[in-house]
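Hi everyone, thanks for coming. I'd like to walk you through a structure this morning, so please have the picture open while I talk.

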Amino acid sequence: MGSTRTVHGACNLCEAICGLRFTVEDDRITAINGDPDDPLSRGHICPKAIALGDLQADPARLRRPVRRTADGWAEISWDDAYDLVVRKLLETRRRYGPDAVGVYLGNPSVHNYGILTHGRHFLGQLRTRNRFSATSVDQLPHQLVVHWLYGHQLLIPIPDIDHTSYFLVFGANPLASNGSLMTVPDVRRRLTDLRARGGKLVVFDPRRTETAAIADEHHFVRPGTDAALLLALLHCVLADGSATPTPGVDGLDEVRAAVAGFTPERAAAVTGVDAAVIRRVAREFAAAAGAAAYGRVGVSIQRFGALSQWAIQLLNLATGNIDRRGGALFTRPAVDLVGGGIVGPGHYDKWRSRVRGLPEFAGELPVAALAEEILIPGDGQVRALVTVAGNPVLSTPNGAQLDRALSGLDFMVSVDFYVNETTRHADVILPPTTALEHDHYDLIFHTFAVRNTARYSGPVLPKPEGARHDWEIFTELARRYRRHSGAKRRLRADLRRGVLMRLRPDQLVAIGLRTGPYRLRLRTLRRRPSGVDLGPLRPSLPAALHTPDKRVHAAPPQLLAALRDGTAELLAAPADGELRLIGRRHLRSNNSWMHGFPRLTKGRPRHHLLMHPDDLVARGLHDGERVRVTSRVGEVEVEVAATADIMPGVVSLPHGWSHTRVNDLTDDEFLDALSGNAALNGVPVTVVALR
């Protein structure tokens with residue numbers, strides 16, 4: 001009989017950061033359960049967390065570095081892998097300049113704290129302007145807007161879901177996502193509690209999502225028109241005298257004038273939402289005793305994502321619901337990335353992409369530009385690429401074009417533990433340990449949580465012999481790159497980098513905790529593995545603001561100009577008979593990966609194209625038959641499923657699902673007009689039968 005023990009840990013697969021309890025027998029996971037003592041997740045667990053054991057045991061997962069050869073993948077030593085990577089990257093830089101090396105960071109880069117603490121030691125030395133990440137197929141408009149309004153890219157107001165009386169949701173499905181830019185595990189119970197205390201949940205979405213299905217009200221809205229709907233709601237609040245703005249807000253008079261043309265009647269013609277509904281919801285929201293408007297990825301990944309996110313902030317500000325109990329509040333995390341100056345406030349348009357002139361934000365260019373930066377010759381052309389925990393061929397627009405581009409690189413290295421649609425192009429793959437083999441403190445998602453808590457988790461399983469943590473990979477690459485680069489030494493920067501590189505992630509977190517707002521010690525968290533409750537969100541303005549004058553700047557000139565330039569398109573009537581494509585998320589899926597585990601893929605198929613029955617009849621299609629979906633940039637073939645849960649004129653494919661490669665349809669030229677974020681929703685498509 002082997003020894004059995006219970007180990008506290010956490011799931012870092014999504015933003016919910018649920019606390020878990022693992023039953024371990026002889027270094028083998030035999031059970032995974034939610035931790036009922038975790039003050040944030042309260043015992044919640046979803047199917048993805050249970051699949052952590054499958055990920056750990058997956059024979060397809062890489063355990064050692066591999067190099068691509070003419071005969072397939074071959075294992076090589078860590079030393080040989082490090083030396084090859086450094087040599088090839090330096091050769092590229094010396095021959096073509098620093099911008100000839102590109103970097104792509106995938107979504108898991110912010111879920112693994114070793115990448116956050118140590119990735120910059122290596123990636124920063126590349127000194128390239130061709131940096132890309134999953135941010136620009138996701139939350140870039142959020143960060144850009146709050147940077148202008150509140151002074152920092154991470155200063156995002158979080159809905160006080162545990163106390164709100166009116167929760168107004170646009171383009172978000174927290175029952176499938178477990179919350180996003182709103183870390184909210186156990187969200188179903190929280191929404192049930194909201195309604196039990198007499199509150200109201202109202203959802204606007206082109207699909208009757210899992211969240212919409214439990215709402216008091218769900219209203220269909222045409223994809224890509226959320227900005228018009230939100231601006232009409234704001235128009236009603238500002239025009240009818242119901243505005244009670246948050247103190248310390250400048251620019252609402254300019255906003256009132258700018259949205260004067262967005263009447264409910266004009267918005268109704270565009271959005272499909274009845275004008276009377278727009279007026280009533282605006283009135284109810286303004287009158288509620290603590291209300292929160294919340295919009296997530298559905299309103300960011302569209303043509304006017306930045307304007308949509310701006311309008312959400314304005315709706316909360318104009319009704320006095322920013323910095324209000326039951327409204328939207330700023331967090332006070334134990335490791336304070338914003339207040340502690342650990343993450344910079346961000347900057348916009350300091351440089352632009354070489355080919356199309358797309359603006360950077362916070363040092364990154366929109367990933368929609370990556371393929372063209374590889375394919376089109378000229379000074380600064382990307383010839384070598386570093387990818388970290390990402391699969392952009394599946395998760396970024398016009399994936400087929402990026403697939404072709406990657407095949408022409410001079411060199412590519414991936415930090416990843418799978419060969420996937422992207423990493424198959426790599427010359428070298430460096431696999432890190434799994435989430436169960438290293439410790440963890442969530443640096444990012446405590447910043448967006450609906451309650452202030454702190455939790456440190458030690459490794460559930462021992463680190464295998466010969467394995468490397470992600471932070472060890474970056475540290476060693478940084479040392480060797482620095483040694484061979486011949487770069488001019490800068491004493492102060494080198495001393496600081498050297499000190500930080502010698503510290504482990506847990507040691508850096510210990511410093512952040514000790515200097516943070518609660519003066520916590522890491523040993524306290526080690527003794528309390530379920531986590532420490534630091535209390536509910538509380539009002540914090542104006543002290544929390546990072547604007548120079550400690551006031552909210554509600555009318556940034558860039559957003560006012562974008563609204564002026566986009567008004568005609570925003571209020572343009574939809575074309576008759578057109579179909580617009582949207583994505584969707586499933587609880588048993590995780591972006592572009594984890595589709596190979598039977599535990600998650602069992603049950604009814606979830607990759608079908610969803611279409612309203614009336615649209616099938618109009619095209620002579622039949623439920624269940626195989627169809628071809630075509631956009632400007634590509635096509636996919638997939639089975640179609642009839643459902644009244646989707647708005648007429650809309651079709652839906654799941655994002656990142658490898659069976660359909662939906663991003664072979666999304667368009668690298670169809671972007672948010674201001675931020676350059678990919679507009680993965682609202683893509684025009686045609687659908688025909690395969691007969």
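I'll go through a sheet, a second group of strands, a pair of helices and then a few individual residues.

One thing before we start: this is a predicted model. Please keep that in mind throughout.

Let's begin with the sheet. What is the order of its strands? It reads β5-β4-β19-β18-β17-β6-β7, an open sheet of seven strands with mixed pairing. The edges are β5, residues 72–75, and β7, residues 131–133, and each of these pairs on one side only. From one strand to the next, the twist averages 20°.

Now find β18 in that order, at residues 411–415. Is this strand buried or exposed? Five of its five residues are buried, so the rest of the structure largely encloses β18. As a reminder, buried here means under 20% relative accessible area. In a regular strand, side chains alternate between the two faces of the sheet. With that in mind, look at both faces of β18. On one side you have Phe411, Val413 and Val415, on the other Met412 and Ser414, and all are buried, so both faces are covered.

Who are the neighbours of β18? On one hand there is β17, residues 384–388, which runs parallel to β18 and is joined to it by five bridges. If you want a spot to click on, valine 386 has valine 413 in β18 as its bridge partner. On the other hand there is β19, residues 428–430, again parallel to β18, with three bridges between them. There, serine 414 is partnered with isoleucine 429 of β19. So serine 414 turns up twice in this story: as one of the buried residues of β18, and in the bridge to β19.

Moving along to the edge at β7, its partner is β6, residues 101–105. These two pair in the parallel sense over three bridges, and tyrosine 104 stands opposite phenylalanine 132 in β7.

Next, please scroll to β10, residues 200–204. Four of its five residues are buried, so β10 too is largely enclosed by the rest of the structure. Strand β9, residues 166–170, pairs with β10 in the parallel sense over five bridges, and tyrosine 166 stands opposite lysine 200 in β10. Three bridges join β10 to β11, residues 217–219, and these two strands also run parallel. In that pairing, valine 202 stands opposite glutamate 217 in β11.

On to the helices. How do α3, residues 78–96, and α18, residues 470–485, pack? Their axes are 10 Å apart, at an angle of about 50°. The two helices are therefore oblique to each other, and their crossing is right-handed. On the α3 side, the contact is made by Trp78, Asp79, Tyr82, Asp83, Val85, Val86, Leu89, Leu90, Arg93 and Arg94. From α18 come Glu472, Ile473, Glu476, Leu477, Arg480, Tyr481, His484 and Ser485. Sorted by character, the residues of this contact are nine nonpolar, two polar and seven charged.

Finally, some individual residues to look up. Two aspartates have a positive phi, and I like to view them side by side. Aspartate 27, with phi near 60°, is in the loop between β2 and β3. Aspartate 186, with phi of about 60°, lies in the loop between α6 and α7. Which one is buried, and which is partly exposed? Aspartate 27 is partly exposed, because its relative accessible area is 46%. Aspartate 186 is buried, because its value is 9%.

There is also a cis peptide bond to show you. It runs from leucine 541 to proline 542, with omega near 5°. You'll find proline 542 in the loop between β23 and β24.

My last stop is isoleucine 511, in helix α20, residues 505–514. With 45% relative accessibility, isoleucine 511 counts as partly exposed. Its C-alpha atom is separated by 8.4 Å from that of arginine 521, ten residues apart along the chain.

That's my tour. Thanks for listening, and I'm happy to go back to any of these spots on the screen.

Definitions and conventions:
Residues numbered from 1 in each chain as written. Predicted model: local features only at pLDDT ≥ 70, side-chain atom pairs only at ≥ 80, totals over all residues. Heavy atoms only, no water. Axes fitted to C-alpha atoms, helices over the stretch in contact; angles between N-to-C directions. Parallel < 35°, antiparallel > 145°, perpendicular 65-115°, else oblique. Left-handed = near helix turned anticlockwise from the far one by under 90°. Contact = heavy atoms within 4.5 Å. Nonpolar A, V, L, I, M, F, W, Y, C, P; charged D, E, K, R; others polar. Buried < 20%, exposed > 50% of the residue type's maximum accessible area, 1.4 Å probe, protein only. Pairing = 2+ DSSP bridges.
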